[in-house]
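Work through the exercises below with the structure open beside you, and try each task before reading its solution.

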Amino acid sequence: MATHFMNHQQALEQYATERYLLREMTAEERHAFEEHYLECAECLEAVTFGTEFLEAGKQVAQEMTRREHSAVRAAASWRERLMPALSGWLRPAPAIAFALVLCSIVSYQGLRIHQLKTEQTMKVARPEIRSMLTGIAHGAGEAKLIEVPRDAVVSLGEEYGRSGDYVSYRAQVMNEAGSIKQTFELPDVPGNVANVALLPGSLGEGKYNLIILGRTADGTEKEVGRGAFILKFSK
Amino acid sequence: MKGMHSNRRRSRSGAEPGMVLRFPLRGPSGNQTGASGGAVYWLNAATVDLYPFDEAYLCRLRARDAKTEDHFVDYFSNLLKAKLRSDGYSESPLADIRQETLYRVLKAVYADKVQNPKSLRSFVYGVCERVEWEYDRGEWPLWQDDYDEFPDLSDDRTPADAPARQAELHETAHWVLDKLPEKDRKILISLFLDEKERDEICVELGTTRENFRVLLHRALSSARKVLTRGASS
């Protein structure tokens, strides 16, 4: 184990990101890994992603645990209440009446669930707005105005220069202040158009750049495409 | 975990820090195609990138340019959060240390004491370690609260797109947990909740510490696959 220095290969081999997130590193190891990831795009992203994923996982785990506990409590509670009552209900006439009532309730619930599912599907159906950006590198530097309803999915397409020098590509949405608002890993598929989708609520109104970066085998990244757009919500 | 039981680690804010999440927006369930029949690539787990800090950035920060200050706070809040979690701090002390660190770094920048923009990340981590040290020694009541001249670093900074990102990541975490075998799910839930000693989890669930990192590695990989999966599949 390296005590003062860690390179990327060592970080991968030692599950450094996972051990860092699980707080299973010594102070020296942590320091060495921090020095590495502060200069390594891949590890930096992995650590920050992992941190947020653990946070989301914690919320989900708490919900799951709560649900399990309430299910156990509810089952116990129903058993305690039902058992004395059932001794009377299990006689023939009350049992038949109870079965009929139960059938009616089940049928009604089935119908109601179906209705609610349909309503829900209708509610989440959102318009999809598609827009092709003109690359600034190709001579048109104007930002494209995209005016969409607030609940619309915006699909953006942008041309970029593919080359054998790059092993992978990613797209970044950057605001005017230079903050990266979204990042998309682009799958290795033929063609030179990157398509990205912005879901409702992902960006506020404003001017943004969609930047395509090519990554070489040694991890160096270079801009290979750029387009600008102004997002505006229609009334 | 640090900061959970000690009185001297009592939080000044007592609140969850305003998180600036950089997260994807699509859940595992959807599948759409984009314009011209091309694939729509869903968001990756974009969090913090290797931002190229340069002299111009530092100048803007020194000149208290509001947008640059916003970027600085967003960027380093995420980084510091990752670091402080790894250093074992719970939410409240984490928020206090993060805030104090950012104030001190900005103070140093305003006073022209930061000369090399390339080393800004390392500088922030160095300051953070000093603040952690003071916090652990119970010196936080001595921290100065004259923060009027600094940008808003309050705990309720929430960007407009944060809820969507949080919801998406929440859905993904749920999906990843649901897909795991029962035993692995229990282990991961125990790790997420972080309420028990790791050795206790090992005994209870018949696993090893080595398995924790492998399991977390798989979970993170699954989450990434879900979040980056395109409609081309």
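The pLDDT is the predictor's confidence in each residue, on a scale from 0 to 100, and it applies here because this is a predicted model.

**Exercise 1.** Find out how pLDDT behaves over residues 121-125 of chain A.

*Solution.* Begin with the chain as a whole: chain A averages a pLDDT of 78, and 77% of the residues score at least 70. Next, turn to residues 121-125 of chain A, where pLDDT stays under 50 and the model has zero contacts beyond four places in sequence. Where pLDDT is low, the predicted coordinates should not be read in detail.

**Exercise 2.** Determine how helix H1 and helix H2 of chain B are oriented to each other.

*Solution.* First take the axes of H1(B), residues 55-62, and H2(B), residues 66-86, which come within 8 Å and cross at roughly 105°. Since angles of 65 to 115 degrees count as roughly perpendicular, H1(B) is therefore roughly perpendicular to H2(B). Then list the residues that meet, namely Tyr57(B), Arg60(B) and Leu61(B) from H1(B) with Thr68(B), Glu69(B) and Phe72(B) from H2(B). Sorted by character, the residues of this contact are three nonpolar, one polar and two charged.

**Exercise 3.** Describe the crossing of helix H3 and helix H4 of chain B.

*Solution.* The axes of H3(B), residues 91-110, and H4(B), residues 120-136, come within 9 Å and cross at roughly 130°, and the two helices are therefore oblique to each other. The handedness of this crossing is right-handed. Among the residues that make the contact are Pro93(B) and Ile97(B) of H3(B), along with Phe123(B) and Tyr135(B) of H4(B). Altogether, the contact residues divide into nine nonpolar, one polar and three charged.

Conventions. Residues numbered from 1 in each chain as written. Chains lettered and ligands numbered in written order. Predicted model: local features only at pLDDT ≥ 70, side-chain atom pairs only at ≥ 80, totals over all residues. Axes fitted to C-alpha atoms, helices over the stretch in contact; angles between N-to-C directions. Helix = DSSP H or I, 4+ residues; strand = E, 2+ residues; numbered from the N terminus. Parallel < 35°, antiparallel > 145°, perpendicular 65-115°, else oblique. Left-handed = near helix turned anticlockwise from the far one by under 90°. Contact = placed C-beta atoms within 7 Å. Nonpolar A, V, L, I, M, F, W, Y, C, P; charged D, E, K, R; others polar.
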